[in-house]
Amino acid sequence: MSKHTFSIGGIHPQDAKFSRGCATEVLPLPPVVYVSMAQHLGAPAVPCVAPGDKVKVGTVIGEPAGFISAYVHSPVSGTVKTVAPRKDILGNNVMHVEITVEGDEWEETIDRTPDIITEIPTDRNAVLDKIKMAGVVGLGGATFPAHVKLNPAPGSKADCILINGSECEPYLTSDNRIMIERPSEIIIGAAIMQMVLGGCRCVIAIEDNKPEAIASMKAALADLGYKNMEIAVLKKKYPQGGEKQLIDAVLKRQVRSGALPISVGAVVQNVATALAVYEAVQKNKPLITNTMTITGDLLPVSGQHNYLFRIGMPLSFIAEQAGGVPEYAAKIVSGGPMMGKAVANLDASAVKGTASLLYLSKEATKRKEEGHCIRCAKCADSCPMGLEPFLINRLYKAGDLAGMEKASAQDCIECGCCQYSCPANIPLVDNLRMAKGQVMAEIKNRRNNGK
Amino acid sequence: MTGIFLWTVGILAGLGFILALVLFLIAKKFKVEEDPRIDLVEKALPGANCGGCGFAGCHAFADAAVKAPNLDNNFCPVGGNDVMKKVAEILGYEVKQQTPKVAVLRCNGSCENRPRINEYDGVKSCRVKAALYAGDTLCPYGCLGCGDCVAACAFGALSLNPETGLPEVDESKCTACGACTKACPKGLIELRNKGPRSMRVYVCCSNKDKGMFTRKACKAGCIGCGKCAKVCPHGAITVENNLAYIDYTKCKLCKKCVAECPIGAIHAVNFPVLKPKTEEKKEASNE
Amino acid sequence: MENKIVSPNPHLHSRNSTASLMRDVIIALAPAMLLCVLCYGWSAIMLLALSAGFCVLIEWAIAKWMMRQPSIFCPSAAALTGLLLALNMPPTTPWWTVLIGSIVAIGVAKMSFGGMGQNVFNPAITGRVFLLVSFPQQLTTWDIPRGFISSIDAVSGPTLLMQAKLDGASTVANVDLLKTFILNPGGSMGELSGLALLIGFVYLLCRKVVKPWIPLSIFLTVILVSSIFHLCNPAVYTGPVFNLVAGGLILGACFMATDYVTSPMSDWGGVIFGVGLGFIVMMIRYFGSYPEGVSFAILIMNMTVPLIDRAFHRKKYGYGRA
């Protein structure tokens, strides 16, 4: 099979998947967890427990506060201590439920046996309801509630679901590990989503820098023998895991500016989401665990880990379990080094979408002094959306809103390719993000006024 | 030789005449009739085009002022009452006197008061920084210190003090146009009444966290204890969301709250020196 | 413990820098410069060193004392301009001509526009053209100084292009073009060996410093235009291969026209730029009063770059295919 990749732009940063060989370990329970109510895109959940309440693993502690919102469950058993604002990794105040851990008692409905249930349910609405009740969100980075994405608006129909196993960000290896260790469960999860979307085609896309994962997934798929499902091997290039890029790479279709992937008949879900769907539907287990990578550019192999964590664990606790924050780390990133967030507050707790703790040295991450644009066009060559970052940057500085819209600032996916390749160290993404925000606000404003 | 000379002069002169004629005709045809008063009003305005009045610039303001039935909604904060009086004379309108205002920064999170807990390494822009995270201190409400307000000020009235990391307002230059209040992503700058002889009392903090957290974040933060509200004889102080606020329309500058505040978050500026204690406060706020 | 850094994404950088890109171009020029040194000896070394030295010094002085922005000073970029300027002059150019050329290149063409990245015209070409029209004698004295390898049996005389212009195309009909391409003493330093320049250019392509579209379109246009004319009247118009290898076309197309700052930013814009450039080169060579037109063509096309950038944009995602 010939290897595909997306057609426009892209970069090849150093792979740096140092922790690819580290088997997933289960973290012990901390004495106390802080469960954030804003673990998903959309409205934060509303806490439905009060201090003093006893909770078990899997008890609902937060209810969705809107259409785009999600349930939050207790990751531990114990007593609710406080329900109060607490700082998240960016230092912003977010409602948290603090639970003191007592034992490890799970809700009776959760199937904790290791058996793999291969039988795929057929009641679409019941499955969607299960996914919603389990609080499953997209684990590829955006944490968009899965049940909303899997239930496209009437009139639009999916003809292909893409399971994103590309993990194109450098350093991250957690998706790689689950594909090696739990391939059948991922494939069953994919098949469930395939059923929900009306039996469309399903493609599991994996980049060619993960041969073990490809082999393991192929073997599992052959064992299960599902029809209408295939594994596509993609040529490594960042940002392959971007929704629009993946659709371009696998289906050779492009989502129109401002439209959703469903408009070209595609739904994209991450492999970790597929696993969460499997657990939610077949095992009744809500989304309270996920896999994360502990890695860094100068971290010795002994410090590299892939962990199965429970949400609400303080990041500092997780870092301690992995041997503490290394001396050299000048920046801690949660998520990949290209699109992840820098951790401003290590006391914050892990959330559903936490993908890593990445320790970067000063040499690797400290920004250099901004120079003058030499018009080399490397930013435009690397932009996977075909934009001209140098131009949008200039228009943003000049405050030319109409010009920014014409240059399609609103299509920026903030992948960081332009800034990564800029020889003059111009902070393009910082400014492009602002430009995008301004144009989006303007478009929204216009739409509201038009009505 | 003479022939060439004459030809050259003739052609150039002819060309000049024809082009002048074209320009004249175009100017005549496309002439825009404008109310002459707009020009007069615009000349009376300060001409800074700061946008503080809510219009795009001085010309837009003059245009709106001429077309409006009265001057109630049009006030040039930069020119103040003097300029508005002139504008009113030109247009034959009444003008409402407005109290002069001045920009006031409601944050005292200097480097000394508010320890930095991380190092920001992005674009030096408050907007970008605020979009990224809560800031490089434990106070998610305080000044980010990147100087967007300084850049927004058209009058050079703001400057960043490298020692405190906070912007400072030069009262003699501030025209209360309000550009900085819009530029600050945290909404820390407020336009307050300038007060008699520029004397003002205000809460120099915008932190809405509980007192416990505020204390941890900043030595000078309002903890919302409410002592000031209790002591105020004029009912000018309200405490909401753990933050005291002094209503400048009610404040009579008695300074009882200043003495009562356990943190020193209430600042009294430009008061004549009476007691050594007040002087300390004054110096602190002027630094 | 030191405070952790917090910044927006991305958290990594390619470690490309303006200086490293310029360094790559200088490395790409190395084979050509080495050949110059071998063939022209000490005069070539002097010329290269003087020109690069003057340019760096002038840029530093202007950045420090006139613009008061020391950060704008980029030694590798200035040195590159200097080296290109040297390659655009005959090996016997006197030192004061070099100095004037450097002042014009850096001071007038680059720094007066605001320095790095702001200039409209290619600095090295501007310097050369200024010298060519101001000091034609120094710039067209094609003496060949003693080199380190004496086996080169070169004689001083007019360049091939000049010969074609003065005595007609038929006089250069029997020139060994392969030899001209590999080694052709006489003319500007950069006209010595097209092969060495192309080797350097391949290095640039491999390092992804430049893209091949501009030189390719220049070469193709030159071939096309000269083929048409040559077929019409071979006695008056020189042939396509001759026009490719003679003169400074390879240097101009590969190293001067591809200058980031003064060339279009989109691929298709680059093609238009190259086509226009190739066409103007041929028009000057065939009909102009100068035997060589690459420098003038580059300057003329430099002026069109803002327009080309305005007209040609990249293909955006999600606007073409549904």
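How do strand β13 (residues 289-296) of chain A and β14(A) pair, in the parallel or the antiparallel sense, and over how many bridges? They pair in the antiparallel sense, over six bridges, and here two strands are said to pair if DSSP finds at least two bridges between them.

Before I go on, a word on the basis of this talk. This is a predicted model, in which local features need pLDDT of at least 70 and side-chain atom pairs count only at pLDDT 80 or more, while totals for chains, interfaces and linings use all residues. Residues are numbered from 1 along each chain as its sequence is written, chains are lettered from A and ligands numbered from 1 in the order in which they are written, and side-chain values use heavy atoms, with hydrogens and water left out. Helices (H or I, at least four residues) and strands (E, at least two) are DSSP runs, numbered from the N terminus.

Let me stay with strand β14 of chain A, which covers residues 305-310. Five of its six residues are buried, so to speak mostly covered, where buried means under 20% relative accessible area, exposed over 50%, and partly exposed in between, with a 1.4 Å probe and protein chains only. Besides β13(A), strand β1 (residues 24-26) of chain A is joined to β14(A) by three bridges, and these two run parallel. A:Tyr307 is a good residue to find on the screen: A:Glu25 stands opposite A:Tyr307, and A:Met292 also stands opposite A:Tyr307.

Chain A also holds an open sheet of four strands, in the order β2-β8-β7-β4, with antiparallel pairing. The edges are β2 (32-36) and β4 (54-55), each of which has a single partner strand, so one side of each is left without a neighbour in the sheet. Going across, five bridges join β2(A) to β8(A), residues 93-101, and A:Val35 has A:Val97 as its bridge partner. Between β7(A) and β8(A) there are nine bridges, with A:Lys87 opposite A:Asn93. These two strands form a hairpin with five residues between them, and in the turn A:Gly91 has a positive phi of about 90°. At the other edge, β4(A) is joined by two bridges to β7(A), residues 78-87, where A:Val55 stands opposite A:Gly78. When you look along any of these strands, it helps to remember that in a regular strand the side chains alternate between the two faces of the sheet.

Two more places in chain A deserve a look. Helix α3 of chain A, residues 174-181, has six of its eight residues buried, so it is largely enclosed by the rest of the structure; the buried ones are A:Ser174, A:Asp175, A:Asn176, A:Arg177, A:Ile178 and A:Met179. A:Gln269, placed in strand β12 (residues 266-270) of chain A, is buried too, with a relative accessible area of 2%. Leaving out residues up to four places away in sequence, A:Gln269 touches several residues, including A:Gly138, A:Lys149, A:Asn164 and A:Met193, and contact means heavy atoms within 4.5 Å.

Now to chain C, and to its helices. Helix α2 (residues 42-66) and α3(C) have axes that come within 7 Å and cross at roughly 140°; axes are lines fitted to C-alpha atoms, for helices over the stretch in contact, and angles run from 0 to 180 degrees between N-to-C directions. That makes α2(C) oblique to α3(C), since angles under 35 degrees count as roughly parallel, over 145 as roughly antiparallel, 65 to 115 as roughly perpendicular and the rest as oblique. The residues of α2(C) that meet α3(C) include C:Leu47, C:Ser51, C:Cys55 and C:Glu59.

How do α3(C) and α4(C) pack, and at what angle? Helix α3 (residues 75-87) and helix α4 (residues 95-110) of chain C pack at an angle of about 130°, with their axes 10 Å apart, and they are therefore oblique to each other. Their contact is made by C:Ala77, C:Ala78, C:Thr81 and C:Leu85 of α3(C) and by C:Gly101, C:Ser102, C:Ala105, C:Ile106 and C:Lys110 of α4(C).

Finally, C:Phe181 lies in helix α8 (residues 177-182) of chain C. Leaving aside its neighbours within four places in sequence, C:Phe181 is in contact with residues including C:Ser193, C:Leu198 and C:Ile250.
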